[in-house]
Amino acid sequence: MVIPSDRRWRLKASKWQRIATLSSLSLFSIVGELLRIILEQLFGQACHFPGTVGWNQLNWTPCTTDPGTTASTGGALFTDLPANMLGCFIMGFVISGDEFLGIPVDLPIAFLNRKSPLQNWTTLHLGIRTGLCGALTTFASWNTQMVVMICAGNGTELSSQWVSALFGYMVGLGMALASFEVGRHVALLVHRFNNIDLAREADELRERSGSHGVLPNLRIHRALPDFERRFLHDLLQESIEKESRFKDETGIDDDDDNPVQRATSNETMDPEDGIKTESLEHFSNLRKWKDTTSNHRNGRISFGGQFQSELHAIEYAIIVEDEDPREELLDVARDAGWDVDALKSWKRSGMKCDDRSPKVDAMSDVDLMYFTLPLLLLSVALLTWGAISLSGLDAESQTYRVYMLSSLLAPSGTLLRYYLSHLNGKITSKRLQWLPLGTFSANILGSCISAIMVALKISRQRSPVGNLWLNAMKGGFAGCLSTVSTFVTETVGLMRALPRHFWGYYYCLGSLLTACIIGVVSYVWAIK
């Protein structure tokens, strides 16, 4: 069978796209794992287990965290707390821009300038969010420390610390949520500096709503280009109704700061305004469309809001997709009295906006592969060489061998979590379709494996090589299989359903309770 050339190109592009995605996830997961190890050593291990950390030549060790197995009672501040906080902060900082963040348009990365080429590097975004943040934070290791503190016995110097473990769950969840929110706020602050026009537009929306949000009956069409969106919703142009009336061209005063006003004159537009026309007649077509749809758009008639989705669909088809709306949409437009022909004339006039972020084709992300894949291969080679060459039996050498093996196993845990995430949204039951099944499964599975690895290690005496692999499986594979950053992001998203639905509480508390029970059962079973 002969495959058409265009299909062969798409198949080839898909293949390289997949390689680029997997290499980005793997590389960033190694970086996240190594960063988590450094934070573990810096904030606790160097204090509780001296002689295992050699890189800190300055001996600056802020003894903050506690492993929960010593005579100290500070296990609520668990070992991976700093790493989880940092990972959740980064996750919040690289959040996408949407209406819930108070941004008028959708942006892949909120803090970047909307025209930045980095907005289109989706593989890089995935690597940072799923690879780096997912591996830097760990749900499994957090849960396992709480399980060990609850069960006590071999490997611990104190009896059951179930109260400290309860506080450890609360501290871990609270600090992760707080770090994520701080990251979002910093992203919004940087966004306002990088996108001043969008910040002004958002401020006007807030003032119009009389609160921090947007009026429920004022649904801004976020998918439209800047000019059409602002003109149709009367944004950033308070005087437009007075200044752009249909007068003679000589009767309209020019305002250099108002592209809409200049669009009504016969002057040549500044390219930065994104407007390409010299005809007042063409501009009047957009005004006709606005006049015939304003009541439905702004909910000024009884039950008018029910047609807003159809209104937006027509505008998206004509202005954005440059195609005719579906017949059923045209029927709605005729019944509502909307002048669709005027909108089509506006589109045909060539008066459009070039204000969108630059688009790239599917192969552009593959360019990242030429950077990530060689670095990934180099990292794997160096880590493998280090794990083999450090053959000493001293505590420091054994510790570094564990960390290198953990870093080598990190990509496998991250990739399994990535594929499990495809289960999110796959539940068909209406009562549970909100549950992120993939992330939930990854966290519970990682917690189970982590608890078993710890139990096998302390249950009986093993060879140094056996302990190396058990520790590497716990910190590298299980640690990267689970994630706190995505868990927190999903929790915050589900909280938006309040007060009608308490999905956010069901998800976060249910995940912690399930992981604790599964962890205790696995630990007790494996330690026998």
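**A walk through the helices and their salt bridges**

D197 forms a salt bridge with R230, with 3.2 Å between the closest N and O atoms; the term covers a side-chain nitrogen of Lys or Arg within 4 Å of a carboxyl oxygen of Asp or Glu. This pair ties together distant parts of the chain: D197 sits in helix α6 (residues 196-209) and R230 in helix α7 (residues 226-232), 33 residues apart. Helices here are DSSP runs (H or I, at least four residues), numbered from the N terminus. D197 is partly exposed at 27% relative accessibility, while R230 is buried at 15%; buried means under 20% relative accessible area, exposed over 50%, and partly exposed in between (1.4 Å probe, protein chains only). Salt bridges with shared partners join D197, E201, R229 and R230 into one network.

Before going further, a word on what you're looking at. This is a predicted model, in which local features need pLDDT of at least 70 and side-chain atom pairs count only at pLDDT 80 or more, while totals for chains, interfaces and linings use all residues. Residues are numbered from 1 along each chain as its sequence is written, and side-chain values use heavy atoms, with hydrogens and water left out.

So how confident is the predictor? The pLDDT (its confidence in each residue, from 0 to 100) averages 80 over the protein, and 79% of the residues score at least 70. Confidence peaks in helix α2 (residues 81-93) at a mean of 96 and is lowest in helix α8 (residues 240-243) at 42. Over residues 238-279 the pLDDT is below 50, although this stretch has 71 contacts in the model beyond near neighbours in sequence; a contact means heavy atoms within 4.5 Å. Where pLDDT is low, don't read the predicted coordinates in detail.

Back to the salt bridges: the whole structure has eleven of them. In one, the side chains of R36 and E40 meet at 4.0 Å, N to O. These two are four residues apart in helix α1 (residues 5-48), so about one helical turn separates them. R36 is buried at 1% relative accessibility, and E40 is buried too, at 13%. R184 and E181 also pair up, with their closest N and O atoms 3.2 Å apart. They are three residues apart in helix α5, again about one helical turn. R184 is buried at 12%, whereas E181 is partly exposed at 24%.

Now for the inside. Helix α18 (residues 485-495) has eight of its eleven residues buried, so the rest of the structure largely encloses this helix. Among those buried residues are F487, V488, E490 and L494. The buried residues of α18 pack against α2, α3 (122-136), α4 (139-151), α5 (162-194), α16 and α19 (503-527).

One of those partners, α16, spans residues 437-459 and holds A442. With a relative accessible area of 0%, A442 is buried. Setting aside neighbours within four places in sequence, A442 is in contact with R417, L420, L481 and S482. S447 is in α16 as well, and S447 is likewise buried at 0%. Leaving out residues up to four places away in sequence, S447 touches F139, A140, N143, T144 and A515.

Finally, step outside to V163 in helix α5, which is partly exposed with a relative accessible area of 41%. Together with W162, L166, F167 and M170, V163 forms a nonpolar surface patch with about 530 Å² of accessible area. Areas come from the Shrake-Rupley method with a 1.4 Å probe, and for residues only the protein chains shown count as cover. Patches take residues with over 30% relative accessible area and no salt bridge, joining like charges within 9 Å and nonpolar side chains (Val, Leu, Ile, Met, Phe, Trp, Tyr) within 5 Å.

How values were computed
pLDDT is the predictor's confidence in each residue, from 0 to 100.
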